[in-house]
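Got your viewer open? Here is a short tour, one selection at a time.

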Amino acid sequence: MRLRVEFTTEPFDLDEAPPHAVVAREVVQSAELDAVDVGPFGNTAEGRADAVLAAVGELLRQSLAAGATRVSLQVNVVGEGEG
């Protein structure tokens, strides 16, 4: 099974990425995922279910520890040909 996660961390800072956002992006970029897209208002990552779920757990732990007051995420099952 493949999963896609979309996530944002708050509070936002439009001038520069806050530490919790940087940490969250580093977590997904260093995970064993097939596709990662980071942006100023949202991020997506896709891969095998076990890799996505492990990355989500780590993302939550590290971004909250780095000062996030809210983490919004959505996880979708995607077909092998989607993406």
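What follows walks from a helix residue to its contacts and on to the strands.

A word on the ground rules: this is a predicted model, where local features need pLDDT of at least 70, side-chain atom pairs count only at pLDDT 80 or more, and totals for chains, interfaces and linings use all residues. Residues are numbered from 1 along each chain as its sequence is written, and side-chain values use heavy atoms, with hydrogens and water left out.

**Stop one: Val23.** Select residues 19-30 to get helix α1, home of Val23; helices here are DSSP runs of H or I with at least four residues, strands are E runs of at least two, and both are numbered from the N terminus. Val23 has a relative accessible area of 18%, so it counts as buried (under 20%; exposed is over 50%, partly exposed in between, with a 1.4 Å probe and protein chains only). Now show what Val23 touches beyond four places in sequence: Gln62, Ser63 and Ala66 (contact means heavy atoms within 4.5 Å). For a distance label, try the C-alpha atoms of Val23 and Leu3, which are 21 Å apart.

**Stop two: Ser63.** Jump to helix α2, residues 49-65, where Ser63 sits. Ser63 is buried because its relative accessibility is 0%. Its contacts beyond four places in sequence include Thr9, His20 and Val71.

**Stop three: the strands.** Select β1 (residues 2-10) and β3 (residues 43-48), an antiparallel pair with six bridges (pairing takes at least two DSSP bridges). Phe7 faces Asn43 in β3. Then add β4, residues 70-78: nine bridges link this strand to β1, again antiparallel, and Arg2 is partnered with Val78 there.
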